Amino acid sequence: MKCKLCDKEINNYNPSFNHLKLDESHSADICQECVDKFSKWLGSIYAKLFPTSALKKRYEKR
Ligand SMILES: [Zn+2]
């Protein structure tokens with residue numbers, strides 16, 4: 001099983017962690033390394049979209 005993003009062999013393949021299902025006909029296998037990078041990238045996007053102060057305000061309102 002190879003990673004869809006970096007094309008490396010996926011070690012200890014686990015469908016719950018490495019198999020990204022988009023819909024019935026689209027899915028991708030991603031290695032742990034890319035999952036980590038992907039989540040860091042997502043985190044940086046959220047940090048840009050919602051600066052800490054804005055996030056705090058959101059949570060305070062609830
Ligand atoms: Zn990868």
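The secondary structure of the protein chain comprises three helices and two strands. The model is predicted. From the N terminus on, the elements follow the order α-β-β-α-α. Of the 62 residues in the chain, 13% count as buried. The accessible surface amounts to about 5500 Å². Carbon and sulfur atoms account for 57% of that surface. Among contacts between residues at least 6 apart in sequence, 30% join residues at least 24 apart.

Asp29 was examined as a buried charged residue. Asp29 belongs to strand S2, which spans residues 26–29. No salt bridge is formed by Asp29. The nearest side chain of opposite charge is that of Lys4, 7.6 Å away. That distance does not satisfy the salt-bridge criterion, because a side-chain nitrogen must lie within 4 Å of a carboxyl oxygen. The side chain of Asp29 does make a polar contact of 2.7 Å with the side chain of His19. Beyond residues up to four places away in sequence, Asp29 touches Met1, Lys2, Cys3 and Lys4. Ile10, Tyr13, Asn18 and His19 are also among its contacts.

One of these partners, Asn18, lies in helix H1, which covers residues 15–18. Asn18 has a relative accessible area of 3% and is therefore buried. Neighbours within four places in sequence aside, Asn18 is in contact with Ile10, Asn12 and Tyr13. Its other contacts under that rule are Ala28, Asp29, Ile30, Cys31 and Gln32.

Gln32 lies in helix H2. With a relative accessible area of 40%, Gln32 is partly exposed. Apart from neighbours within four places in sequence, Gln32 is in contact with Phe17 and Asn18. The C-alpha atoms of Gln32 and Asn11 are 8.3 Å apart, although the two residues are separated by 21 residues in sequence.

The salt bridges in the model number three. One of them joins the side chains of Lys8 and Glu33, at 3.5 Å from N to O. This pair links distant parts of the chain, 25 residues apart. Lys8 sits in the segment before H1, whereas Glu33 is in helix H2. Both residues are partly exposed: Lys8 has a relative accessible area of 44%, and Glu33 has one of 42%.

Glu33 also forms a salt bridge with Lys37, with the closest N and O atoms 3.7 Å apart. These two residues are separated by about one helical turn, because they are four residues apart in helix H2. Lys37 counts as exposed, at 51% relative accessibility. Shared partners join Lys8, Glu33 and Lys37 into one salt-bridge network.

Another salt bridge pairs Lys21 with Glu24. Here the closest N and O atoms are 3.8 Å apart. Glu24 is exposed, with a relative accessible area of 72%.

The surface also carries a nonpolar patch of about 650 Å². The patch is made by Leu5, Phe38, Trp41, Leu42, Tyr46 and Leu49. Leu49 is found in helix H2, which runs over residues 32–49. At 55% relative accessibility, Leu49 counts as exposed.

Note on methods: Residues are numbered from 1 along each chain as its sequence is written. This is a predicted model: local features need pLDDT of at least 70, side-chain atom pairs count only at pLDDT 80 or more; totals for chains, interfaces and linings use all residues. Side-chain values use heavy atoms; hydrogens and water are left out. Buried means under 20% relative accessible area, exposed over 50%, partly exposed in between (1.4 Å probe, protein chains only). Lys and Arg count as positive and Asp and Glu as negative; His and the chain ends are not counted. A polar contact is a pair of N or O atoms within 3.5 Å; within protein, one must be able to donate a hydrogen and the other to accept it, and residues adjacent in sequence count only if both atoms are side-chain atoms. Contact means heavy atoms within 4.5 Å. Patches are made of residues with over 30% relative accessible area and no salt bridge: like charges are joined within 9 Å, nonpolar side chains (Val, Leu, Ile, Met, Phe, Trp, Tyr) within 5 Å. Accessible areas come from the Shrake-Rupley method with a 1.4 Å probe; for residues, only the protein chains shown count as cover.
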